[in-house]
Amino acid sequence: MPTGLALVGFALELYGLRPGAEQDGRPVVLPAHAGTVGVAALAGWALTALGLALLTAPLLALAGRLLAARRPEPLRLLAGRALTAQARRLGGPLAVLALVLAVPAVALGSGERSSTPVRVAALLVVGCAIGAVVARVLEIRATRGEVTDTLVRLGAPQGLLTSAVAVQAVTAAGVLLLTGGLTALLAAAALV
């Protein structure tokens with residue numbers, strides 16, 4: 001479903017960006033002097049962004065499975081299994097963060113100066129999205145406390161556990177960069 005939604009949105013955005021598409025209907029004036037865009041392109045971008053957001057959790061689970069594939073050493077096995085287990089809970093906040101970071105990135109890239117209230121509102125929204133991710137990470141850490149204690153009792157070195165968390169963070173950042181980057185790229189294309 002998310003892949004189909006993203007593809008339909010991408011096709012609709014391409015349809016809205018074809019030559020002469022702005023004459024089909026009234027263009028939508030975007031807030032904060034971001035320009036104008038056709039209805040089809042805007043709707044296509046919204047559907048694509050929603051599809052990419054819904055793909056964040058499955059992509060995290062896939063990345064975890066890839067980490068744990070093919071006779072992994074203990075570091076990859078711990079990081080991959082933990083990321084696969086946490087993907088559903090971590091995917092939502094990361095998807096929101098990717099969407100929230102994509103819009104200001106495109107607005108900054110357009111070269112238009114926005115007013116102070118718009119900047120403050122954008123910072124507030126980005127701060128809330130980062131806070132949601134931090135809260136979810138702390139929640140996951142608290143629920144995994146028993147597993148961590150068991151691994152330490154069984155003799156797992158603390159450095160291994162710390163390295164596994166670092167590998168998970170780098171992998172999640174890569175998924176965030178992929179989904180957020182595609183969202184920002186498609187939003188920039190819609191504003192051209």
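## Pocket lining

In this predicted model, the lining of the second largest pocket has 17 nonpolar, six polar and three charged residues. The pocket's volume is about 730 Å³. In total, 26 residues line it; Gln-86, Ile-140, Arg-141, Val-165 and Gln-168 are the closest to its centre.

Four helices each supply at least two lining residues: H3 (74-109), H4 (116-143), H5 (145-153) and H6 (158-191). H6 gives the most, with 10 residues.

## Salt bridges

The structure holds three salt bridges. Two of them involve Glu-139 and build a network with Arg-89 and Arg-136.

Glu-139 pairs with Arg-89, with the closest N and O atoms 3.0 Å apart. This pair links distant parts of the chain: Glu-139 lies in helix H4 and Arg-89 in helix H3, 50 residues apart. Glu-139 also pairs with Arg-136, at 3.8 Å between the closest N and O atoms. Both residues sit in helix H4, three residues apart, so about one helical turn separates them. Each member of the network is partly exposed: Glu-139 at 39% relative accessibility, Arg-89 at 30% and Arg-136 at 27%.

Glu-73 forms a salt bridge with Arg-76, and here the closest N and O atoms are 3.6 Å apart. Glu-73 is partly exposed at 39% relative accessible area. Arg-76 is partly exposed too, at 25%.

## Nonpolar surface patch

Ile-130, Val-134 and Leu-138 make a nonpolar surface patch of about 260 Å². Ile-130 is found in helix H4. Its relative accessible area is 42%, so Ile-130 counts as partly exposed.

Terms used
Residues numbered from 1 in each chain as written. Predicted model: local features only at pLDDT ≥ 70, side-chain atom pairs only at ≥ 80, totals over all residues. Heavy atoms only, no water. 1 Å grid on protein atoms, 1.4 Å probe; cavity = no way out; pocket = protein on both sides within 12 Å on 5 of 7 lines; lining within 4 Å. Points joined across faces, edges and corners; volume = space filled by probe spheres on them. Nonpolar A, V, L, I, M, F, W, Y, C, P; charged D, E, K, R; others polar. Patch = residues over 30% accessible without salt bridge, like charges linked within 9 Å, V, L, I, M, F, W, Y side chains within 5 Å. Areas by Shrake-Rupley, 256 points an atom, 1.4 Å probe, with all protein chains shown as cover. Salt bridge = Lys/Arg side-chain N within 4 Å of Asp/Glu carboxyl O. Buried < 20%, exposed > 50% of the residue type's maximum accessible area, 1.4 Å probe, protein only.
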